[in-house]
Amino acid sequence: MPAVTDVVSFEPATGKELWRGKTGDVDEAVSRARRAWPDWASKPLATRVELVRRFANEVRKEHDKFAELIARETGKPLWEARTEVESVVAKVDISITAYAERTGQKKLDSALQGTAAVRHKPHGVMAVLGPYNFPAHLPNGHIVPALIAGNTVIFKPSEKTPAVGEFLVSCFHRAGISAAVVQCLQGGPAEGQALIAHRDIDGVLFTGSARAGIAINKKLAGNPGKIVALEMGGNNPIVVLDTPKIADAAILVVQSAFTTAGQRCTAARRLIVKASMYEPLLREVKALADRIIFGEPFADPAPFMGPVIDNQAADQLCESFLYLLSNGGKAIKHMQRPDDNLPFVSPAIIDVTTMNDRPDVELFGPLLQVVKVDTFDQAIAEANDTRFGLSASLIGGSPQDYNRFWANIRAGIVNWNRPTSGASSKAPFGGLGLSGNHRPSAFYAADYCAYPVASTEMDQPRASLGAGFRQERRRSPRPMAG
Ligand code: NAD
């Protein structure tokens with residue numbers, strides 16, 4: 001087990017220390033969760049539902065405090081942090097409906113042979129590993145369905161957002177869910193590795209980078225009994241065909257690429273644009289990007305985006321921009337770093353059409369690469385030229401074009417005239433390739449939080465013999481003695 005060390009988070013916008021604590025004890029957390037599981041699993045569903053509803057009320061009560069904490073710890077604007085808190089609340093009702101629709105009880109048929117039924121059971125103790133970009137909403141999207149289904153949960157927040165993780169879990173406790181049923185285990189990758197590999201963990205619900213997701217998959221490859229749901233990143237395309245609505249198209253591109261400072265798994269990384277639209281669209285996109293206010297989360301007027309999570313992420317983004325530039329990319333809008341000691345980076349746009357060997361990696365920040373194409377077929381081929389497959393949007397074109405796009409694009413989220421991001425929690429959410437392992441989250445999270453059990457049942461033993469038995473010999477009555 002990893003040694004106990006400090007976990008410290010800093011406010012990206014100011015560099016000030018925000019939270020300090022210690023890494024958790026994995027063995028102790030797992031054994032507590034295991035002991036608590038039978039009682040939690042055997043509670044009536046109505047009781048668990050009532051408790052998660054109370055959790056939603058606790059979050060509602062703490063709305064402003066919670067949003068402020070998210071804004072401080074991630075650097076995202078306060079208005080956006082508020083929408084994250086609202087998503088945490090909304091997740092509860094959605095998960096209750098999803099549990100009933102996706103994993104409820106079903107009687108299949110009932111005949112002389114008895115009743116056939118399908119019911120679902122919880123897995124046991126689930127490890128939830130969260131990312132920093134939506135440090136409350138995304139782990140909550142695993143935790144709530146897992147609890148409703150009757151699992152106990154150990155949530156390890158990102159080491160970059162421990163305070164939000166702790167706050168989220170405290171709302172479950174205030175709602176009356178015991179401290180053993182849902183726990184917050186602080187730590188980084190070392191604690192994550194120890195947790196997922198623990199023999200008493202029954203499932204791993206992960207949201208984060210493809211790098212970490214692949215490491216988890218490899219580590220658990222010899223352990224098929226653990227359910228593993230991997231929600232990973234993307235290298236998402238937004239394709240623009242002919243449309244007279246250039247201003248709207250530009251807004252959709254800018255929102256897709258730069259909301260949350262580009263730190264969304266569904267953010268558009270690649271703008272693939274038909275040559276006929278290139279000049280007018282890029283003029284508009286650049287003009288809009290120039291108007292983006294990026295600043296600290298509580299600034300007035302409110303910024304569109306804040307800093308990225310830390311200086312290391314900002315350094316990597318600036319290096320990536322320079323790499324693209326020095327390998328054939330043409331800057332449309334340079335990435336700027338106004339203060340080397342803080343992770344604010346400006347939105348950047350670079351044309352990589354003539355670049356050979358474009359790196360197929362997720363550049364997790366406000367950096368949009370542009371590729372010019374002549375035909376729709378080229379656009380689809382270009383859009384699919386990635387190992388990832390999370391989200392993809394088509395802007396413009398006809399209904400027939402959209403049908404073709406939908407049929408040919410490799411992604412779990414496919415949109416038309418909408419941004420690549422901003423998916424609904426009422427739909428499944430997941431991707432292909434390096435973006436996920438076919439266990440979509442959001443509405444379908446219910447599926448990986450419980451497993452189906454098929455039964456045929458009769459209230460009394462009743463059976464008759466079929467073919468393959470010799471005729472029963474009639475036993476002659478024994479002569480009576482005497
Ligand atoms: P990350 O992969 O660095 O970390 C995610 C979590 O996994 C953290 O809690 C971390 O401590 C833990 N971890 C890291 N390495 C581990 C290992 N080897 N074993 C076990 N645990 C490990 O991700 P991040 O940088 O916090 O978040 C950003 C990434 O998350 C981006 O790639 C983004 O696209 C992705 N993301 C995906 C979705 C989705 O739903 N598909 C949503 C949000 C973010």
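Which residues of the largest nonpolar core touch the most other members? In this predicted model, that position is held by Phe258, Leu271, Val273 and Phe405, within a core that comprises 58 residues. The largest share of this core is supplied by helix α9, spanning residues 246-258, from which 7 residues are drawn. When neighbours within four places in sequence are set aside, phenylalanine 258 is found in contact with Ala289, Ile292, Phe304, Met305, Pro347, Ala348, Ile349, Pro366, Leu367 and Leu368. Apart from this core lies another, made up of 53 residues, including Leu51, Val88, Leu168 and Ala180. In soluble globular proteins, nonpolar side chains tend to be buried together.

With regard to annotation, an unreviewed UniProt entry places the feature "domain: Aldehyde dehydrogenase" at residues 9-446. Over this span, helix accounts for 42% and strand for 21%, and the C-alpha atoms at the two ends lie 32 Å apart. The annotation "active site", likewise taken from an unreviewed UniProt entry, covers Glu231. This glutamate is located in strand β9, which comprises residues 227-231. Glutamate 231 counts as buried because its relative accessibility is 7%, whereas the cut-off for burial is under 20%. Its surroundings, with residues up to four places away in sequence not counted, consist of His142, Phe206, Thr207, Gly208, Phe429, Gly430, Ser435, Arg439, Pro440, Ser441 and Tyr448, each of which is touched by glutamate 231.

The ligand is surrounded by 29 residues, of which Gly130, Glu159, Ser209, Met232 and Glu362 come nearest. At least two residues of this shell are supplied by each of three elements, namely α7 (189-197), β8 (203-207) and α8 (210-219), and the most is given by α8, with 4 residues. Polar approaches to the ligand involve the side chains of a lysine and two glutamates. For lysine 156, an N or O atom of the side chain is 2.9 Å from an oxygen atom of the ligand. In the case of glutamate 159, the corresponding distance between a side-chain N or O atom and a ligand oxygen is 2.7 Å, while for glutamate 362 a distance of 2.5 Å is found between such a side-chain atom and an oxygen of the ligand. Taken alone, the ligand exposes 840 Å², and 93% of that area is buried by the protein.

Notes:
Residues are numbered from 1 along each chain as its sequence is written. This is a predicted model: local features need pLDDT of at least 70, side-chain atom pairs count only at pLDDT 80 or more; totals for chains, interfaces and linings use all residues. Side-chain values use heavy atoms; hydrogens and water are left out. UniProt positions are given in the numbering used here, feature names are shortened, and annotations may be inferred rather than shown by experiment. Buried means under 20% relative accessible area, exposed over 50%, partly exposed in between (1.4 Å probe, protein chains only). Contact means heavy atoms within 4.5 Å. A nonpolar core is a set of buried Ala, Val, Leu, Ile, Met, Phe, Trp, Tyr and Cys residues joined through side-chain atoms within 4.5 Å. A residue is near a molecule or strand if one of its heavy atoms lies within 4 Å of it. A polar contact is a pair of N or O atoms within 3.5 Å; within protein, one must be able to donate a hydrogen and the other to accept it, and residues adjacent in sequence count only if both atoms are side-chain atoms. Accessible areas come from the Shrake-Rupley method with a 1.4 Å probe; for residues, only the protein chains shown count as cover.
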